[in-house]
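The exercises below concern charged side chains and helix packing. Each task is followed by a worked solution.

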Amino acid sequence: MPLQMAFGITVRDIRAVLAKNAGKLVCTSDTTIEVLATKLFHSFSEEEMDDIALAAMDAFLEDKPEAEGAHRAIRKILIKRGVLDVSRRVTGKQTVSAPAREDMLFATAHS
């Protein structure tokens, strides 16, 4: 049984992480967070999905919500891919207007 069956990651999970970190998004354009979340979801490798499922199970074992662990793992993947820039300081409600670079979004998924 694949690990991701233990915790069923959805586009909604990715969208929640993107929304929470909206000020740190690097690769955005005219696309909505919903569209970006969908593209990212379909680009995740089986290994990345397993990492997310393991993080969800670890959170459960620590008496924390599974989604909390999964969202932490998703955030780490998005940082690794260059979708989120955690060195960026967010002040107030910033809007993201960086040009899209879809090649960055999916480069690590296919390497």
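**Exercise 1. Describe how α1 and α2 pack: handedness, crossing angle and contacting residues.**

Step 1. The crossing of α1 past α2 is right-handed. The structure is a predicted model.

Step 2. The two axes approach within 8 Å, and the crossing angle of α1 and α2 is roughly 125°. The pair is therefore classed as oblique. The cut-offs explain this: roughly perpendicular covers 65 to 115 degrees and roughly antiparallel starts over 145, the rest being oblique because neither class applies.

Step 3. On the α1 side, the contacting residues are Val-11, Ile-14, Arg-15, Leu-18 and Ala-19. On the α2 side they are Ile-33, Glu-34, Leu-36, Ala-37, Thr-38, Leu-40 and Phe-41.

**Exercise 2. Find which salt bridge links Arg-15 to a partner, and state how exposed the two residues are.**

Step 1. The whole structure contains 4 salt bridges. One of them pairs the side chain of Arg-15 with that of Glu-34, at an N to O distance of 2.2 Å.

Step 2. Arg-15 belongs to helix α1 (residues 11–20) and Glu-34 to helix α2 (residues 33–43), so this pair, 19 residues apart, links distant parts of the chain.

Step 3. Arg-15 has a relative accessible area of 28%, and Glu-34 has 35%. Both residues count as partly exposed because buried requires under 20% and exposed requires over 50%.

**Exercise 3. Characterise the surroundings of Glu-48: is this residue buried or exposed, and which residues does it touch?**

Step 1. Glu-48 lies in helix α3. Its relative accessibility is 12%, so Glu-48 counts as buried.

Step 2. Leaving aside residues up to four places away in sequence, Glu-48 touches Ser-43, Ile-77 and Arg-81.

Step 3. With Arg-81, Glu-48 forms a salt bridge whose closest N and O atoms are 2.8 Å apart. Arg-81 sits in helix α4 (residues 66–81) and Glu-48 in helix α3 (residues 46–61); the two are 33 residues apart, and the pair links distant parts of the chain. A polar contact of 2.8 Å also joins these side chains, Glu-48 and Arg-81.

Step 4. Arg-81 is buried as well as Glu-48.

**Exercise 4. State what the distance is between the paired atoms of Lys-64 and Glu-62, and how accessible each residue is.**

Step 1. The salt bridge between the side chains of Lys-64 and Glu-62 has an N to O distance of 3.7 Å. The pair qualifies because the cut-off is within 4 Å.

Step 2. Lys-64 is partly exposed at 36% relative accessible area. Glu-62 is also partly exposed, at 48%.

Conventions
Residues are numbered from 1 along each chain as its sequence is written. This is a predicted model: local features need pLDDT of at least 70, side-chain atom pairs count only at pLDDT 80 or more; totals for chains, interfaces and linings use all residues. Side-chain values use heavy atoms; hydrogens and water are left out. Helices (H or I, at least four residues) and strands (E, at least two) are DSSP runs, numbered from the N terminus. Buried means under 20% relative accessible area, exposed over 50%, partly exposed in between (1.4 Å probe, protein chains only). A polar contact is a pair of N or O atoms within 3.5 Å; within protein, one must be able to donate a hydrogen and the other to accept it, and residues adjacent in sequence count only if both atoms are side-chain atoms. Contact means heavy atoms within 4.5 Å. Axes are lines fitted to C-alpha atoms, for helices over the stretch in contact, and angles run from 0 to 180 degrees between N-to-C directions. Angles under 35 degrees count as roughly parallel, over 145 as roughly antiparallel, 65 to 115 as roughly perpendicular and the rest as oblique. A crossing is left-handed if the near helix is turned anticlockwise from the far one by less than a right angle, and right-handed if clockwise.
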